[in-house]
2 protein chains.
Amino acid sequence: MKVSGSLVPDGVFPANCPSRTVLDHVTSKWGVLVLLALSETETLRWSELRRRAEGVSEKMLAQTLRVLESDGLVSRVAHPVVPPHVDYSLTKRGEELAALLRPLMSWILDNAEDILAS
Amino acid sequence: MKVSGSLVPDGVFPANCPSRTVLDHVTSKWGVLVLLALSETETLRWSELRRRAEGVSEKMLAQTLRVLESDGLVSRVAHPVVPPHVDYSLTKRGEELAALLRPLMSWILDNAEDILAS
DNA sequence: CTGTATCCGCACCGATACTG
DNA sequence: CAGTATCGGTGCGGATACAG
């Protein structure tokens with residue numbers, strides 16, 4: 001069954017479109033996992049994020065966080081103490097996005113085994 | 001505001017998990033666009049897909065379609081005529097997935113400009 | 001029209017070492 | 001604890017040519 005409306009005119013997804021860039025950021029290798037991890041608790045520290053997005057390297061976590069932060073999806077709060085303490089959390093906009101990512105991830109978790117079995 | 005349940009135990013997304021593979025397939029550079037394009041019409045031909053996922057190369061379209069087909073998300077029907085005529089469409093499972101992708105893409109289209117402005 | 005085959009650059013990414 | 005800096009390999013992905 002087909003849905004009613006089209007997302008884009010003529011059903012064409014333009015190449016030189018801002019949405020492409022954002023889509024790439026969000027669906028980057030670690031973007032989804034970081035956003036979802038943050039959607040499960042109020043705040044998360046760097047080391048906790050590393051634990052939860054299992055397999056992510058320091059470099060890629062830093063890069064992913066920088067992109068998501070510059071996109072206004074994640075906010076970074078550094079507490080000036082020793083040892084350093086930095087909290088990451090979702091912005092309002094990030095929460096909105098994560099709310100859409102959750103059903104997707106949930107479906108994937110439910111169907112992954114079946115899918116790879118075939 | 002935080003959601004009620006956790007997607008995964010302890011909030012940890014395991015590295016060696018089938019969902020990782022499926023997530024990578026779906027969020028691959030062209031996976032989302034192909035699935036969404038197919039979600040807008042009953043069937044699409046190869047050349048139409050190339051048009052709609054603007055910027056995709058033949059190689060990447062072929063690769064993307066093969067992966068999505070082997071995952072049981074897309075079905076390929078070749079009509080034995082000359083010139084060749086091949087129809088791609090979403091499977092039942094693919095429709096389910098695309099239904100979750102649509103709100104996501106819709107949100108991205110709505111917010112992309114704002115996001116990149118900041 | 002619907003692909004496959006091949007080459008190859010470059011950006012992504014992991015590993016390692018280092019710093020405030 | 002929370003990163004940055006740098007190096008180097010690899011595989012993604014674009015371009016091109018070719019085929020059924």
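**View 1. Elements of both chains form the surface near DNA strand D in this predicted model.** Chain A contributes α3 (46-52), α4 and β3 (85-90), each with at least two residues of that surface. From chain B, α4 also supplies at least two residues. The most comes from α4(A), with four residues. By class, this surface holds nine nonpolar, three polar and eight charged residues.

**View 2. Residues of chain A and chain B come nearest to DNA strand D.** The strand has 20 residues around it. Those that come nearest are A:R45, A:S47, A:R76, A:Y88 and B:K59. Sugar or phosphate makes up 59% of the strand D atoms within 4 Å of the protein, and bases make up the rest.

**View 3. Side chains of A:E58, A:Y88 and B:K59 approach oxygens of DNA strand D.** At A:Y88, a side-chain N or O atom is 2.6 Å from a phosphate oxygen. B:K59 approaches a base oxygen instead, where a side-chain N or O atom is 2.6 Å away. A:E58 also approaches a base oxygen, with a polar side-chain atom 3.1 Å from it.

**View 4. DNA strand C is surrounded by 19 residues.** The closest are A:K59, A:M60, B:S47, B:R76 and B:Y88. Of the strand C atoms that come within 4 Å of the protein, sugar and phosphate account for 59%. Chain A provides α4 (58-70) to the surface near this strand. Chain B provides α3 (46-52), α4 (58-70) and β3 (85-90). Each of these elements supplies at least two residues. The surface residues divide into nine nonpolar, three polar and seven charged.

**View 5. B:S47, B:P84 and B:Y88 make contacts with the backbone of DNA strand C.** A polar side-chain atom of B:Y88 lies 2.7 Å from a phosphate oxygen. For B:S47, a polar side-chain atom is 2.8 Å from a phosphate oxygen. B:P84 uses its own backbone: an N or O atom there lies 3.3 Å from a sugar or linking oxygen of the strand.

**View 6. A rotation of 180 degrees superposes chain B on chain A.** The shift along the axis is 0.0 Å, and the RMSD is 0.0 Å. That is the relation of a two-fold axis. In chain B, the C-alpha of B:T27 is nearest the axis, at 2.7 Å.

**View 7. Chain B and chain A bury about 5,700 Å² between them.** Carbon and sulfur atoms give 65% of this area. In contact are 61 residues of chain B and 61 residues of chain A. Of the interface residues of chain B, 100% are also interface residues in chain A, so the copies meet through the same surface.

**View 8. Two salt bridges link chain B and chain A.** One residue pair that meets in a salt bridge is B:R93 and A:D114, with 3.4 Å from N to O. Across the interface, 18 residue pairs are in polar contact. On the side of chain B that touches chain A, α1 (18-26), α2 (31-38), α3 and α5 (92-117) each supply at least two residues. The largest share, 20 residues, comes from α5(B). The residues on this side of chain B divide into 31 nonpolar, 13 polar and 17 charged.

Terms used: Residues numbered from 1 in each chain as written. Chains lettered and ligands numbered in written order. Predicted model: local features only at pLDDT ≥ 70, side-chain atom pairs only at ≥ 80, totals over all residues. Heavy atoms only, no water. Near = heavy atom within 4 Å. Polar contact = N/O pair within 3.5 Å; in protein donor to acceptor, adjacent residues only side chain to side chain. Nonpolar A, V, L, I, M, F, W, Y, C, P; charged D, E, K, R; others polar. Least-squares fit on C-alpha atoms with pLDDT ≥ 70 in both. Contact = heavy atoms within 4.5 Å. Buried area = accessible area lost by both parts, 1.4 Å probe. Salt bridge = Lys/Arg side-chain N within 4 Å of Asp/Glu carboxyl O.
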